[in-house]
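Here's a quick walk through one protein model, written for someone who would rather be at the bench. Have a look at the structure, then read on.

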Amino acid sequence: MTEKLISPKNAINFLNSENTFAVCGFTMMGACEAFLSQLEETFLKTGEPKNLTLLHAAGHSDRVNGIEHLAHRGLVKRIIGSHWGLAPKWGELINHNAIEAHCLPQGQITHLMRAMASGKPGNLSKVGLGTFVDPRVEGGKINDLAREKDSFIDVVDFYGEKYLFYKQIPIDLCVIRGTTADEFGNVTMEDEAIKLEALSLAQATKRYGGKVIVQVKNYVKRGQLNPRSVELPGIFVDHIIVADEVDHTHKQTAGYFSNPALSGKYQSPVEELSRLPLTIRKVIGRRAVKELYYGAVVNLGTGIPGDTIGTVASEEGILEDITLTVESGVIGGIPLGGTDFGVGINADAIIEHPYQFDYYNGQGVDITYMGAAEVDSKGDINVSKFGPKTVGCGGFIDITQNAKKVVFCSTFTAGGLETKISNGKLEIVKEGKIKKFANQVQQITFSGPLARSKNQKVIIVTERDVFELSEAGVVLIEYAPGINIGRDILEQMDFTPIISEELKEMNQEIFKEEKMVFKNEFMQGTEQLTVV
């Protein structure tokens with residue numbers, strides 16, 4: 001039997017200059033710190049390997065670690081990923097045109113890996129049509145160096161309909177993380193918080209004759225692992241790294257070394273979630289929660305949705321009557337936020353990353369709550385580009401394009417907004433400097449015209465009003481008590497919305513400290529939404 005155990009230093013020898021190198025992670029979940037930090041050290045000492053292409057599906061850093069180790073001029077010449085919001089060094093390289101950067105939807109990268117694993121030349125999907133990843137818009141090319149190169153996406157006609165074809169990206173080497181490996185290379189993931197796209201990535205790499213290296217905490221003799229617990233069979237694994245200093249190089253998440261409630265080993269006693277103070281973020285979350293109904297399967301994005309929806313639902317006593325999900329593969333439980341976004345406490349199930357996106361792409365999600373940086377008169381939404389800075393789309397396009405209902409949650413303006421909430425009313429004390437409702441968004445991360453053509457239900461909730469997307473455009477349907485529509489809404493927009501003939505004031509209970517009273521309405525409510 002070939003010896004598969006190898007040191008991180010020797011593992012770097014399998015990565016050559018100009019290779020395509022793939023990692024498997026979600027924030028810091030799955031981060032192979034022993035390998036990544038050694039790769040950084042080797043390059044800084046020797047200048048080799050160099051000019052790599054780095055492929056990753058999800059954002060994979062915590063502002064310091066993960067792929068941040070690889071953010072050096074010369075080490076990587078091209079990056080293909082979905083999100084760099086927690087990767088400031090990568091943001092600098094991308095924004096200063098020091099590296100060729102391509103942004104593809106997170107779910108489509110995971111599906112591309114699975115397609116490549118089965119010998120296909122790429123992956124066919126409607127996800128991304130009409131957005132910045134569509135070659136007729138930007139083709140996912142997010143800086144000048146990338147615009148000089150061919151796109152990794154084509155538009156194709158298939159049975160009379162338009163699709164995007166995500167082209168294969170042959171992989172020379174990948175690194176994946178597990179918990180325990182045996183001498184043959186069989187790998188389990190009992191302490192990992194999520195399974196990620198590990199199996200698909202390993203199989204895709206082997207398809208091209210590449211090397212698969214797995215970092216683990218434990219190494220045992222062959223025959224000691226339960227075969228039903230093996231996530232990566234040894235036939236897909238070339239080498240095993242056993243991490244040392246595991247409290248740093250093999251943390252379960254950015255915030256936890258090991259929490260059994262995140263990996264599903266145990267159910268943790270969870271006290272009632274702390275009640276949120278009455279701020280405009282809570283006001284937005286309260287109004288957004290009113291879009292819920294009994295039995296809904298829900299996806300939560302980062303920001304206001306992740307910070308408020310679960311807690312407000314708990315306050316109102318309806319959290320157990322809905323199912324929260326996260327694109328990483330977590331179903332049920334209580335999702336975490338910040339640099340631990342992607343995991344959940346006491347999940348009902350943890351499935352593989354690509355299969356969660358199968359469910360999302362197939363319209364499994366009843367309601368998704370997402371943030372919004374810009375909105376224009378067509379209903380286009382931008383969350384991926386802010387001035388010269390591009391953070392990427394993550395799973396946003398996959399999820400919002402296919403959810404039955406999308407609820408965008410955002411403050412009305414940004415940059416110094418100050419408000420006062422009292423006696424069931426909202427007062428704008430100081431207006432924000434940045435108008436979020438613009439004539440044209442800087443980048444199309446959500447296509448309003450596509451949503452309108454499918455009759456997709458789209459709601460935009462801010463602290464002072466509510467809009468919905470209709471066939472005719474963006475429609476103002478509610479305003480907050482205490483708000484002057486002309487001064488506080490219309491004058492703060494770069495376009496004039498359609499005013500609903502049924503325009504009404506938002507319920508004052510949203511702006512009061514007391515608990516809202518809408519559970520009976522929630523329990524009786526169901527939604528029949530058109531499958532598009």
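## Around helix 6

Strand 1 (20-23), helix 4 (106-117), strand 8 (173-177), strand 11 (211-216), strand 13 (230-232) and helix 11 (353-361) are among the elements that cover the buried residues of helix 6. One thing to keep in mind: this is a predicted model. Which residues of helix 6 are the buried ones? Helix 6 runs over residues 198-207, and its buried residues are Ala198, Ser200, Leu201, Ala202, Ala204 and Thr205. Just after helix 6 you'll find glycine 209, with a positive phi of about 80°.

## The whole protein

Stepping back, the protein has 15 helices and 34 strands. Its C-alpha trace spans about 75 × 55 × 45 Å along the principal axes. For 532 residues, a compact globule would come out with a radius of gyration near 24 Å, and the protein's 23 Å agrees with that.

Buried residues make up 58% of the 532. Take the contacts with a separation of 6 or more: 74% of them are between residues 24 or more positions apart. On the outside, the protein exposes about 21000 Å², with carbon and sulfur atoms supplying 47% of that area. As for charge, there are 55 positive and 67 negative side chains, and the centres of these two sets lie 2 Å apart.

## Inside the core

The largest nonpolar core has 153 residues, and the ones touching the most other members are Phe21, Phe35, Trp90, Ile176, Tyr369 and Phe408. So what does tyrosine 369 contact, leaving aside its neighbours within four places in sequence? Its partners are Ala288, Val289, Glu291, Leu292, Val298, Asn299, Leu300, Gly301, Pro305, Ile309, Val407 and Cys409.

## A buried loop leucine

Leucine 336 sits in the loop between strand 18 (334-335) and strand 19 (344-345). Is leucine 336 buried or exposed? It counts as buried, because its relative accessible area is 19% and the cut-off for buried is under 20%. Leaving aside neighbours within four places in sequence, leucine 336 is in contact with Tyr256, Leu262, Phe341, Gly342, Val343, Gly344 and Ile345. Of these partners, leucine 262 is 74 residues away along the chain, and the C-alpha atoms of leucine 336 and leucine 262 are separated by 9.7 Å.

## Backbone oddities

A few loop spots are worth a click. Glutamate 48 and proline 49 are joined by a cis peptide bond, with omega at about -10°. Proline 49 is in the loop between helix 2 (33-46) and strand 2 (52-55).

Then there are two residues with a positive phi that aren't glycines, glutamate 18 and tyrosine 159. Here they are side by side:

| Residue | Phi | Loop | Relative accessibility |
|---|---|---|---|
| Glutamate 18 | about 75° | between helix 1 (8-11) and strand 1 | 43% |
| Tyrosine 159 | near 50° | between strand 6 (153-158) and strand 7 (161-167) | 75% |

Why does glutamate 18 count as partly exposed? Its 43% relative accessibility falls between the cut-offs of 20% and 50%, so it is neither buried nor exposed. Tyrosine 159, at 75%, counts as exposed because that label applies over 50%.

Key
Residues numbered from 1 in each chain as written. Predicted model: local features only at pLDDT ≥ 70, side-chain atom pairs only at ≥ 80, totals over all residues. Heavy atoms only, no water. Helix = DSSP H or I, 4+ residues; strand = E, 2+ residues; numbered from the N terminus. Rg over C-alpha atoms; globule rule 2.2 N^0.38 Å. Buried < 20%, exposed > 50% of the residue type's maximum accessible area, 1.4 Å probe, protein only. Contact = heavy atoms within 4.5 Å. Areas by Shrake-Rupley, 256 points an atom, 1.4 Å probe, with all protein chains shown as cover. Lys, Arg positive; Asp, Glu negative; His and termini not counted. Charge placed at Lys NZ, Arg CZ, Asp CG, Glu CD. Core = buried A, V, L, I, M, F, W, Y, C linked by side-chain atoms within 4.5 Å.
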